[in-house]
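Colleague: I've got this predicted model open and I'd like a close look at one part of it. Could you start from a single residue and walk me outward from there?

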Amino acid sequence: AIINGESETGVALHYMDEGIDTGSIIAQGRFSIEEADDAATVREKLKETGMALLREWWPAISEGRAPKQRQDETAAKYYRLRTIDDGLIKWNASGREVCNLVRALVRPWPGAFTFLNERKLVIWTCRLLPEDTSGPPGLVVQIDEQGARVCTGDRRVLIETAELEGEQFNGLDLKRIMPVGNRLGA
């Protein structure tokens, strides 16, 4: 949901049948995905929402009187399983898409990554900046106490925390591994 830029997600209690997530719905719970959310916070919200639904509906489920609302198959969305390679940052994408990918792949997931001089650089936190891009996608244009400003397809992002070969860098520390003028990418 984060990678797709969705503004909300949720959970459903449903009956099991022969399909995958196709059983009749008992209840659903939705919540907003905030700009500050990442996969870890959304996962926590999913657990909390799911537990609240289960507490509310458990008596009806255990007594066999829970509702059965057929799912609308025309509204169903299916996505393939993601692979580690899907975490590769495409710098020509929009800044929002880059930040969404980073937010979606935080620990304990393997992280969104790029390459810096043929070495894998994992980006753990970044945020969208308001200024327009003034250079080729992946170009490191400035590094300061906040982090590294990098061009994307439409604007800049600020890389706040990154990891190279097991060592974590943030703020001005990023200057040690990615000098201004370097270009990130495969």
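Where is the place of Thr 49?

Modeller: Thr 49 sits in helix H1, which runs over residues 39-62. Keep in mind that this is a predicted model, so every number below is computed from predicted coordinates. Thr 49 has a relative accessible area of 17%. The cut-off for buried is under 20%, so Thr 49 counts as buried.

From there, hop across to Arg 30. Thr 49 and Arg 30 are 19 residues apart along the chain, with 7.7 Å between their C-alpha atoms. Thr 49 is buried, whereas Arg 30 is exposed, at 59% relative accessibility. Arg 30 also has a charged partner: it makes a salt bridge with Glu 8, and 3.5 Å separates the closest N and O atoms. Since Arg 30 belongs to strand S2 and Glu 8 to strand S1, the pair ties together parts that are 22 residues apart in sequence. Glu 8 is partly exposed, with a relative accessible area of 37%.

Now go back along the chain towards the start of the helix. Asp 38 is in the loop between S2 and H1, and at 22% relative accessibility it counts as partly exposed. For a sense of distance, take Asp 38 and Gly 64: they are 26 residues apart along the chain, and their C-alpha atoms are separated by 37 Å. Set that beside the pair we began with, Thr 49 and Arg 30, where 19 residues along the chain go with a C-alpha separation of 7.7 Å.

There's another salt bridge to look at here, between Asp 37 and Lys 45, with 2.6 Å between the closest N and O atoms. Asp 37 has a relative accessibility of 7%, so it is buried. Its partner Lys 45 is partly exposed, at 22%. So in this pair a buried acid meets a partly exposed base, whereas Arg 30 is exposed and Glu 8 partly exposed.

The helix has a surface side worth a look too. Met 51, Leu 54 and Trp 58 make up a nonpolar patch on the surface, and together they have about 310 Å² of accessible area. One of them, Leu 54, is placed in H1. Leu 54 has a relative accessible area of 33%, so it is partly exposed. Compare that with Thr 49, also in H1, which is buried at 17%.

H1 and the two strands come together again in the largest pocket. Its volume is about 1,800 Å³. There are 41 lining residues, and those closest to the centre are Glu 6, Thr 9, Gly 10, Lys 77 and Tyr 79. S1 (8-14), S2 (25-32) and H1 each supply at least two residues of that lining, and S1 gives the most, with 6 residues. By class, the lining is made up of 20 nonpolar, 11 polar and 10 charged residues.

A quick look further along the chain, for context. The whole structure has 10 salt bridges. Besides the ones above, Glu 167 and Arg 176 meet through their side chains at 3.1 Å, N to O. Glu 167 is partly exposed, at 40%, while Arg 176 is exposed, at 57%.

The backbone has some details to check as well. Most residues other than glycine have a negative phi, and most peptide bonds are trans. Against that background, Arg 107 and Pro 108 are joined by a cis peptide bond, with omega about 15°. Pro 108 is in the loop between helix H2 (95-104) and strand S3 (112-116).

The next loop, between S3 and strand S4 (119-132), is where you'll find Asn 117. Phi of Asn 117 is positive, near 50°. In the loop between S3 and S4 there is also Glu 118, with a positive phi of about 70°. Asn 117 is exposed, with a relative accessible area of 58%, and Glu 118 is exposed too, at 79%.

Methods: Residues numbered from 1 in each chain as written. Predicted model: local features only at pLDDT ≥ 70, side-chain atom pairs only at ≥ 80, totals over all residues. Heavy atoms only, no water. 1 Å grid on protein atoms, 1.4 Å probe; cavity = no way out; pocket = protein on both sides within 12 Å on 5 of 7 lines; lining within 4 Å. Points joined across faces, edges and corners; volume = space filled by probe spheres on them. Helix = DSSP H or I, 4+ residues; strand = E, 2+ residues; numbered from the N terminus. Nonpolar A, V, L, I, M, F, W, Y, C, P; charged D, E, K, R; others polar. Patch = residues over 30% accessible without salt bridge, like charges linked within 9 Å, V, L, I, M, F, W, Y side chains within 5 Å. Areas by Shrake-Rupley, 256 points an atom, 1.4 Å probe, with all protein chains shown as cover. Salt bridge = Lys/Arg side-chain N within 4 Å of Asp/Glu carboxyl O. Buried < 20%, exposed > 50% of the residue type's maximum accessible area, 1.4 Å probe, protein only.
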